[in-house]
Amino acid sequence: MQELDLLINLRPLWLDRACQVLARGSNTHEDIRPMLERIFDLMIQAANTGDPAWLDTILTEWATSLTQTDLEGSSSNLTRLIKEISLITYTVIRQNLPERPALDLMGLLMPCFGFAFERIAEKEMQAKVTYLTDQLNQVKQSLEKLDRSKSDFIAVAAHELKTPLTLIDGYASMLRESMEQAGLSPTQAVLSDGIQNGTRRLRMIIDDMIDMSLIDNNLLSLNFQPLWINRLFSVLVDELSNSLQDRHQQLEIHPFPGISEMTFGDPERLLQVFRNVLYNAIKFTPDGGRIYVDGRKLPGFFEVTICDTGIGIAPDDSQVIFEKFVRLGNTSLHSSSKIKFKGGGPGLGLRIAKGILESHGGAIWVESPGYDEKLCPGSTFHLLIPVRTVSPDARMARLFASMANQTKKEEA
Ligand code: ADP
């Protein structure tokens, strides 16, 4: 092929020019010469066979030898290098060949440059994506480590706080007893109730912190037992009656299909889930409001809905509230309380509810038209609880299977 011979003849001129341009201002002529010889020879191979893929190996080598600075930069150094090489080739051809053969030779080389531009951009992009993914993974790992040490610190702090709290609680009860024996004055009764309420609240917060660290570290263990959702709500109706009375609120439980069916779950933990959501409903609903529990049976799940006529939740916050330590609005304005309107809490209740439901294989989410303290559009929390007719805990399953067999025999 005539053009190919012309290209081979231009090799020494091309190499001199490329060394000059690419190693401009430095003493690296000799360092880059072998690399330039290689690329020129590959260009000849590609032009000879009509297959630009001959250039692939060297392009891959360039992309894999990119330095950290290259990968962190926003510009594309390799694309610039290909541009320089194509310009050098064009200049050498134009300066040394008549117009017609120059055009033919450039036509022969064009597919090589097109291929090189496309491949190098792709490879450089891939190298950058891999580098950034590694960086992100490293950041993620250090954040996870930080989160674990925060969670460990919370667990240790909570356990350490529990010991003195038990002492305060014990001594406060003894003091109360001795004061009652000596005749308790109304002022003393108020003061002693204050201490007892304070320690009870502190115990709840510490227990929440311990639960949170159990959930964070996947250490929450469930004690699967037969349970009935209506019985859990009966317990809570009694427990919350004083708080509801204080806030002039009504709690209604609708007997939805499935509410009185037996399922296996951890009754203590599910009670805690319903309690946390109901306390929030009381707290974020103005005096005189209504809280309504309903539900339905879906294939494989009970769906319990807890609906309130409270201040509602903005769409942007409907996911955030299930993260730990989240309290919406200007929390410095709210006094800490379990039942006062908009009373502050540690921001753990919903994260714990989510952790407990997820370890059961369930889920929790909220729907609300939005946040409005005047119009009070309300919120509806949806809680999915798997229907389990057999305990996932093998020992429990065996125990209940033998009890069921016994009952069947007695009935026969
Ligand atoms: P805490 O009640 O301790 O603040 P939670 O995790 O239980 O923490 O709730 C997080 C936040 O979600 C609350 O501070 C409140 O801003 C918002 N929230 C929860 N339940 C409701 C509700 N029923 N109506 C409006 N906002 C709610």
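Analyst: Let's start with a term: two strands count as paired if DSSP finds at least two bridges between them. Please keep in mind that this is a predicted model.

User: Thanks! Which residue in β5 stands opposite Arg-296?

Analyst: Strand β4 covers residues 290–298 and pairs with β5 in the antiparallel sense, over eight bridges. The two strands form a hairpin with two residues between them. Opposite Arg-296, on β5, is Glu-303.

User: And which residue in the turn of that hairpin has a positive phi?

Analyst: The turn belongs to the hairpin of β4 and β5. A phi of about 85 degrees is found there, at Gly-300.

User: Which residue in β7 stands opposite Phe-301?

Analyst: β5 also runs antiparallel to β7, and eight bridges join them. Six of the eight residues of β5 (301–308) are buried, leaving this strand mostly covered. Across from Phe-301, in β7, is Pro-386.

User: Now for the pockets. Which element gives the largest share of the lining of the largest pocket?

Analyst: This pocket holds about 760 Å³ of space. Its lining has 40 residues, and those closest to the centre are Asn-280, Lys-283, Phe-284, Val-326 and Arg-327. Two or more lining residues come from each of α8 (186–216), α10 (267–283), α11 (349–360) and β7 (379–386). The largest share, five residues, comes from α10.

User: How many charged residues are in the lining of the largest pocket?

Analyst: Sorted by class, the lining has 14 nonpolar and 15 polar residues. The charged ones number eleven.

User: Where does the second largest pocket lie with respect to domain 1 and domain 2?

Analyst: With a volume of about 380 Å³, this pocket is lined by 13 residues, including Asn-197, Arg-200 and Lys-338. Helix α8 gives the most to this lining, with five residues. Domain 1 (1–218) and domain 2 (225–411) both contribute to the lining, so the pocket lies between them.

User: What classes of residue line the largest cavity?

Analyst: A search of the whole structure finds one cavity of 30 Å³ or more, and the largest cavity holds about 70 Å³. Its lining includes Ile-39, Trp-62, Cys-112 and Phe-113, with α7 giving the most, three residues. There are no polar and no charged residues in the lining, and the nine residues are nonpolar.

User: Is Lys-324 buried or exposed?

Analyst: Lys-324 sits in the loop between β5 and α11. It forms a salt bridge with Asp-147, with the closest N and O atoms 3.5 Å apart. The cut-off for buried is under 20% relative accessible area. Lys-324 has 17%, and therefore counts as buried.

User: How many residues apart in sequence are the parts tied together by Glu-239 and Arg-275?

Analyst: Side chains of opposite charge can pair when their charged atoms come close. In the salt bridge of Glu-239 with Arg-275, the closest N and O atoms are 2.7 Å apart. Glu-239 lies in helix α9 and Arg-275 in helix α10, so the pair ties together parts whose separation in residues is 36.

User: Last one: which residue is linked with Asp-16 and Arg-33 in a network of salt bridges?

Analyst: The whole structure has 22 salt bridges. Asp-16 and Arg-33 belong to a network of them, together with Glu-37.

Terms used
Residues numbered from 1 in each chain as written. Predicted model: local features only at pLDDT ≥ 70, side-chain atom pairs only at ≥ 80, totals over all residues. Heavy atoms only, no water. 1 Å grid on protein atoms, 1.4 Å probe; cavity = no way out; pocket = protein on both sides within 12 Å on 5 of 7 lines; lining within 4 Å. Points joined across faces, edges and corners; volume = space filled by probe spheres on them. Helix = DSSP H or I, 4+ residues; strand = E, 2+ residues; numbered from the N terminus. Nonpolar A, V, L, I, M, F, W, Y, C, P; charged D, E, K, R; others polar. Domains from an automatic or database assignment. Buried < 20%, exposed > 50% of the residue type's maximum accessible area, 1.4 Å probe, protein only. Salt bridge = Lys/Arg side-chain N within 4 Å of Asp/Glu carboxyl O.
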